[in-house]
Amino acid sequence: MKEDLWRRWRAGDSISVISRALGKPPGSVFTVLKHHGGIAPAERVRRADRLSAEDRESISRGLEAGASLRSIAVSIGRPASTVSREVARNGGRVKYRAIAAEQRAQEQARRPKLSALQDNPVLRQLVIELLDNEWSPEQIVGHLRLMHAGNPLMRISHESIYRAIYTTRWKVSFPS
């Protein structure tokens, strides 16, 4: 349903049109759009270096069969230390279950992360000052790239600035 909402929003449909098509109140559609600043969230993609559900199932089967951690690691093409840490953090040899380990990994990946402006008061203050001087987010990004080229902590995207301005979930206060 959310995919349809974002597809319709990108196509230029109004909140009213979207709400009728989805059979939801306009306030619900507005809330979803506002929460994300009108920008569809990126689809979650697991990094290649992370264990997959299939890897976890292989670990579980190997443990059940009494295989060593090293032999399990070889069978899934991972370092033995990775398998050892995975088993240790998810109950040990006796209690390890692939489904529970996968659910835990997904929950850990979803943890809330601070935005660059929340996490960096120096960057936040500079962005606020430039916005007060009527600079656009695109101009601010270009200025930061020039003035702080060697400092990755002073990097931010214009989308992040727009989100901080227009959404409440980022909890960054800007002067009005």
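Analyst: Quick ground rule before we start: a salt bridge here is a side-chain nitrogen of Lys or Arg within 4 Å of a carboxyl oxygen of Asp or Glu. Keep in mind too that this is a predicted model.

User: Okay. Why is the pair Arg-7 and Asp-4 called a salt bridge?

Analyst: The closest N and O atoms of Arg-7 and Asp-4 are 2.3 Å apart. The cut-off is 4 Å, so the pair counts. Both residues sit in helix 1 (residues 2-10), three residues apart, or about one turn of the helix.

User: And what makes Asp-4 and Arg-8 a salt bridge?

Analyst: Here the closest N and O atoms lie 3.3 Å apart, and that is again within 4 Å, so the label holds. Asp-4 and Arg-8 are separated by about one helical turn because they are four residues apart in helix 1. Asp-4, Arg-7, Arg-8 and Asp-13 are in fact linked in a network of salt bridges. The structure holds eight salt bridges in total.

User: Why is Arg-7 called partly exposed?

Analyst: Its relative accessibility is 46%. Buried would need under 20% and exposed over 50%, so a value in between gets the middle label.

User: What makes Arg-56 and Glu-102 a salt bridge?

Analyst: Their side chains meet at 2.8 Å, N to O, and the limit is 4 Å, so they qualify. Arg-56 is in helix 4 (residues 53-65) and Glu-102 in helix 8 (residues 98-109), so this bridge ties together parts that are 46 residues apart in sequence. Arg-56 and Glu-102 are both buried, which means each has under 20% relative accessible area.

User: How do you know how helix 1 and helix 3 are oriented to each other?

Analyst: Two packed helices are described by the angle between their axes and the distance between the axes. Helix 1 and helix 3 (residues 26-35) pack at about 80°, with axes 12 Å apart. Angles of 65 to 115 degrees count as roughly perpendicular, so that is what this pair is called. Leu-5, Trp-6 and Trp-9 of helix 1 make the contact with Val-29, Val-32 and Leu-33 of helix 3. By class, those residues come out as six nonpolar, no polar and no charged.

User: What makes a set like Leu-117, Leu-123 and Leu-126 part of a nonpolar core?

Analyst: Such residues must be buried and joined through side-chain atoms within 4.5 Å. The largest core has 12 residues, including Leu-117, Leu-123, Leu-126, Met-154 and Ile-156. Helix 10 (121-132), helix 11 (137-147) and helix 12 (158-166) each supply at least two of them, and helix 10 gives the most, with four. Apart from this core lies another one, of 10 residues, among them Leu-51, Ile-59, Val-83 and Ala-101.

User: Which residues does Ile-156 contact, leaving aside neighbours within four places in sequence?

Analyst: Ile-156 touches Ala-116, Leu-117, Leu-123, Val-141, Leu-144 and Ile-161.

User: Glu-134 and Glu-159 next. Is Glu-134 buried or exposed, and how do you know?

Analyst: Glu-134 has a relative accessible area of 73%. Exposed means over 50%, so it passes. Glu-134 lies in the loop between helix 10 and helix 11, and its phi is near 65°, a positive value in a residue other than glycine.

User: And why is Glu-159 called partly exposed?

Analyst: Glu-159, in helix 12, has a relative accessible area of 36%. The middle class runs between 20% and 50%, so that label fits. The C-alpha atoms of Glu-159 and Val-141, 18 residues apart along the chain, are separated by 9.9 Å.

Terms used. Residues numbered from 1 in each chain as written. Predicted model: local features only at pLDDT ≥ 70, side-chain atom pairs only at ≥ 80, totals over all residues. Heavy atoms only, no water. Helix = DSSP H or I, 4+ residues; strand = E, 2+ residues; numbered from the N terminus. Buried < 20%, exposed > 50% of the residue type's maximum accessible area, 1.4 Å probe, protein only. Axes fitted to C-alpha atoms, helices over the stretch in contact; angles between N-to-C directions. Parallel < 35°, antiparallel > 145°, perpendicular 65-115°, else oblique. Contact = heavy atoms within 4.5 Å. Nonpolar A, V, L, I, M, F, W, Y, C, P; charged D, E, K, R; others polar.
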